[in-house]
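Trainee: Please take a close look at one part of this model, the pocket, and then set that part in its surroundings. I would like the cut-offs stated along the way.

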Amino acid sequence: MVTVIVFNVIVITLAVLIHYEFLYRITSWLPHMRVRQRFRIVLIVLIALTAHAVEVWLFAVAFFVMHHADGWGHLQGNFGGELLDSVYFSYTTLGMGDIEPIGNLRYLTGLESLAGLVLITWTASFIYLEMTRYWEGD
């Protein structure tokens with residue numbers, strides 16, 4: 001159980017660091033962009049969506065590893081054990097659909113939901129601040 005907790009903490013930490021790096025890079029690139037603000041905002045949104053997609057894949061790999069590890073729980077239902085099944089589970093169902101988490105894997109499922117809420121809110125706040133900073137200049 002301790003190993004699972006440590007694994008979960010590592011996954012959450014990596015997700016937060018990935019998100020931070022994406023937003024930090026956007027912030028450092030913005031002053032150097034020679035494009036109209038409206039396209040800047042679109043670019044910010046696309047980069048933020050890319051960050052979220054990378055995080056979905058991070059959790060998917062974690063679910064895949066946990067499913068195939070002994071004693072870490074498993075996914076059942078419409079799940080064939082493939083990595084893409086884990087990706088599907090990560091970004092769509094999270095325990096509420098056709099794939100069900102069993103055992104210790106359930107904790108990471110809940111943590112992904114919580115982290116997703118926080119990271120999406122962080123992204124929305126970031127985009128709002130960037131829009132208010134540059135919107136009137138265009």
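Mentor: Start with the term itself: on a 1 Å grid over the protein atoms alone, a pocket is an open set of points where a 1.4 Å probe fits, with protein on both sides within 12 Å along at least five of seven lines, whereas a cavity is a set from which the probe cannot get out. A residue belongs to the lining if it has an atom within 4 Å of a point. Points are joined across faces, edges and corners, and the volume is the space filled by probe spheres set on them. By that procedure the largest pocket holds about 210 Å³ of space. It is lined by 14 residues, and those closest to its centre are His 52, Val 56, Glu 112, Gly 116 and Ile 120. Helix 2 (37-68), helix 3 (83-93) and helix 4 (105-134) are the elements that each give two or more residues to this lining. Helix 4 has the largest share of the lining, with seven residues. Helices (H or I, at least four residues) and strands (E, at least two) are DSSP runs numbered from the N terminus.

The model is predicted: local features need pLDDT of at least 70, side-chain atom pairs count only at pLDDT 80 or more, and totals for chains, interfaces and linings use all residues. Residues are numbered from 1 along each chain as its sequence is written, and side-chain values use heavy atoms, with hydrogens and water left out.

By class, the lining of the largest pocket consists of eight nonpolar, four polar and two charged residues. Here Ala, Val, Leu, Ile, Met, Phe, Trp, Tyr, Cys and Pro count as nonpolar, Asp, Glu, Lys and Arg as charged, and the others, Gly among them, as polar.

Take His 52 from the lining. His 52 sits in helix 2 and is buried, at a relative accessible area of 17%; buried means under 20%, exposed over 50%, and partly exposed in between, with a 1.4 Å probe and protein chains only. Outside its neighbours within four places in sequence, His 52 is in contact (heavy atoms within 4.5 Å) with His 19, Leu 119, Ile 120 and Thr 123. Among these partners, Ile 120 is also one of the residues closest to the pocket centre.

His 19 leads on to Trp 122, a residue of helix 4. Leaving aside neighbours up to four places away, Trp 122 touches Val 16, His 19, Tyr 20 and Leu 23. The C-alpha atoms of Trp 122 and His 19 are separated by 9.0 Å, although the two are 103 residues apart along the chain. Trp 122 counts as partly exposed because its relative accessible area is 30%.

Helix 3 also contributes to the lining, and Ser 86 lies in that helix. Ser 86 is buried, with a relative accessible area of 0%. Its contacts, not counting residues up to four places away, are Ala 60, Phe 63, Phe 64, Leu 75 and Phe 79.

Two of those partners, Phe 63 and Leu 75, belong to the largest nonpolar core, that is, a set of buried Ala, Val, Leu, Ile, Met, Phe, Trp, Tyr and Cys residues joined through side-chain atoms within 4.5 Å. This core has 18 residues, and Phe 7, Val 11, Phe 59, Phe 63, Met 66, Leu 75 and Leu 108 touch the most other members. Helix 1 (2-29), helix 2 and helix 4 each supply at least two of its residues, and helix 2 has the largest share, five. Apart from this core lies another of nine residues, including Leu 23, Ile 26, Ile 41 and Ile 44. In soluble globular proteins, nonpolar side chains tend to be buried together. Val 11 shows the links in the larger core: beyond four places in sequence, Val 11 is in contact with Leu 58, Phe 59, Ala 62 and Leu 108.

As for the whole, the protein has four helices and two strands, in the order α-α-β-α-β-α. Of its 138 residues, 37% count as buried. Gly 71, in the loop between helix 2 and strand 1 (74-77), is exposed at 63% relative accessibility, and its C-alpha atom is 34 Å from that of Trp 122.
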